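The following exercises concern the structure shown below. Each consists of a task and a solution that proceeds step by step.

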Amino acid sequence: MNPRLSSLQAYPFERLRDLLAGIHPPALSLIDFSIGEPRHPAPALVVESIIEHLHGLAEYPKVLGSDTLREAIVAWASRRFALSAGFLDPEKHVLPANGSREALFSAAQALVDVSSGKDLILLPNPFYQIYEGAAILAGAQPYYLNCEASGQPDYRAVTPEIWQRCALLYVNSPHNPTGAALQGEDWDFLIATARQYDFILAADECYSEIYFAGPPAGVLSAAARSGSLANVLAFHSLSKRSSVPGARSGFIAGDADLLAAFRLYRTYLGNAMPPFIQAASAAAWDDEKHVAAMRKDYSEKFAAAAEILGDIRPIERPDGGFYLWLQVGDDEAFTRDLYAAQHVRCLPGSYLARTAHGVHPGADRVRIALVGPLDICREGLNRIREFLKTS
């Protein structure tokens, strides 16, 4: 057995199950705000494309994916991030992935060499737990960068000694769970720093299309300003953008040399995307109407949160994503008592973070995923309001 497995911590939802074990909630329907799983109907064009291309079951999928899919990805990314024609080459700069999760994890396994003396993988704190697990199983040491009041770490405060030891930096923008997005100058700084100290900048932008005031800046735009994709990998997914988490579809774009090595690794891993999912993914990347409709739905849910809870708790609409990062005091006690009183499930903020530099970000907050239909979200928010008024 890989001895590093014993260093992995329980996943947040396992900890939540243990926290709520033995509690008998009232006879109300469960409202589950704990998991970030979009529950909007899958776009018809995606479903129809899957059905149309089911004959692809008779084919072995290619790791590189179809020309059609890679060209659709390049066309979308070029539109979204204002890239000049030819900046992304579909033959060298794009690789389909079975969702951003598996790509974010396996990139560290394929591309990090701790024997080089670069033994740290940096990640925001709070964080998506895949980053931590990827670091540990790659033989690196996770180094946590606490999020500031802005909702993002202060990357400019990282010391040269830490950058020198950095093999890979995970950046999440918009961030899960705070919803804060980096600005263009932040990306410019991170790209310059990655090249100065020769580490991989792994930009997890799976929430980039759920925004309200305008599209967040992206790492590919900054790379284009610099004139190069060196040291940069961008990770995107259809799970959130198109509400199709079951399709497990995303992509990695960036540095051609890194992607060539990653492609070799994935050839042996055998996790190529099924042809019918490739076809449906190309259709999804080609269409923006369903994404605009989805953003409207999320905007209505944040408006409902402000209406229902705004007079008793500060409610701020994030730059992106679909999480309320609600300040509650003792996060575990709040989660447990809310479940017992109202049969509403949320996630303690401390389950998404670690104690680092004397601070445990998130211990006074809970994450509320506004992923269900508007009427269900309103009911759950009203139950939270009733709990807050009476507790």
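## Exercise 1: an enclosed strand

In strand β7, 6 of the 6 residues are buried, so the strand is largely enclosed by the rest of the structure. The model is a predicted one.

**Task.** Determine which residues of β7 are buried on each of its faces, and state how β7 pairs with β6.

**Solution.**
1. In a regular strand, side chains point alternately to one face of the sheet and to the other.
2. One side of β7 carries V232, A234 and H236, and the other carries L233, F235 and S237; both sides are covered, as these residues are all buried.
3. Strand β6 (residues 200-204) is joined to β7 by 4 bridges, and the two run parallel.
4. Within this pairing, A203 stands opposite A234 of β7.

## Exercise 2: a covered helix

**Task.** State how many residues of helix α11 are buried, and identify the elements against which they pack.

**Solution.**
1. Helix α11 spans residues 275-285, and 10 of its 11 residues are buried.
2. The buried residues are P275, F276, I277, Q278, A279, A280, S281, A282, A284 and W285.
3. These buried residues pack against the helices α2 (44-52), α3 (67-80), α9 (238-241) and α12 (289-309).
4. They also pack against the strands β7 (232-237) and β8 (250-254).

## Exercise 3: a helix with a buried face

**Task.** Check the length of helix α14 against the expected rise per residue, and establish where its buried residues fall as seen down the axis.

**Solution.**
1. Helix α14 comprises 17 residues, 374-390; at 1.5 Å a residue it should span 24 Å. The expected span is 1.5 Å times one less than the number of residues.
2. The end C-alpha atoms of α14 are 24 Å apart, which agrees with the expected span.
3. The buried residues of α14 include C377, G380, L381, R383, I384, F387 and L388.
4. Viewed down the axis of α14, the buried residues fall within an arc of 155 degrees, so they line one face of the helix.
5. On the other side of α14, D375, K389 and T390 are exposed.
6. The buried residues of α14 pack against β1 (31-32), α12, β9, α13 (331-342), β10 (344-345) and β12.

## Exercise 4: an open sheet and the largest pocket

**Task.** Give the strand order of the open sheet that contains β9, and state what β9 contributes to the lining of the largest pocket.

**Solution.**
1. The open sheet has 3 strands in the order β9-β12-β11, with antiparallel pairing.
2. Its edge strands are β9 (323-327) and β11 (347-348), each of which pairs on one side only.
3. Between β9 and β12 (residues 365-369) there are 5 bridges in the antiparallel sense. One bridge partner pair is Q327 with R365 in β12.
4. To find empty space, a probe the size of a water molecule is rolled over the atoms.
5. The largest pocket has a volume of about 610 Å³. It is lined by 25 residues, of which A149, T178, E316, W325 and R365 are the closest to its centre.
6. Strand β9 supplies 5 residues, the largest share of the lining of the largest pocket.

## Exercise 5: backbone conformations in loops

**Task.** Locate the cis peptide bonds that precede P174 and P177, and decide whether S243 and H343 are buried or exposed.

**Solution.**
1. The S173 to P174 peptide bond is cis, with omega near -10 degrees. P174 lies in the loop between β5 (166-172) and α7 (184-197).
2. N176 and P177 are likewise joined by a cis peptide bond, with omega about 20 degrees. P177 is situated in the loop between β5 and α7.
3. S243 is a residue other than glycine with a positive phi, near 55 degrees. It is placed in the loop between α9 and β8.
4. Buried means under 20% relative accessible area. S243, at 7% relative accessibility, therefore counts as buried.
5. H343, not a glycine, has a positive phi of about 55 degrees, and lies in the loop between α13 and β10.
6. Because its relative accessibility is 13%, H343 counts as buried.

## Exercise 6: a residue of helix α8

**Task.** Classify S226 by accessibility and list its contacts beyond four places in sequence.

**Solution.**
1. S226 belongs to helix α8 (residues 219-226).
2. At 37% relative accessibility, S226 counts as partly exposed.
3. Neighbours within four places in sequence left aside, S226 is in contact with I191 and R195.
4. The C-alpha atoms of S226 and E148 are separated by 27 Å, with the two residues 78 residues apart along the chain.

Notes: Residues are numbered from 1 along each chain as its sequence is written. This is a predicted model: local features need pLDDT of at least 70, side-chain atom pairs count only at pLDDT 80 or more; totals for chains, interfaces and linings use all residues. Side-chain values use heavy atoms; hydrogens and water are left out. Buried means under 20% relative accessible area, exposed over 50%, partly exposed in between (1.4 Å probe, protein chains only). Contact means heavy atoms within 4.5 Å. Two strands pair if DSSP finds at least two bridges between them. The arc is that of the directions from the helix axis to the C-beta atoms. On a 1 Å grid over the protein atoms alone, a cavity is a set of points where a 1.4 Å probe fits but cannot get out, and a pocket is an open set with protein on both sides within 12 Å along at least five of seven lines; lining residues have an atom within 4 Å of a point. Grid points are joined across faces, edges and corners, and a volume is the space filled by probe spheres set on the points.
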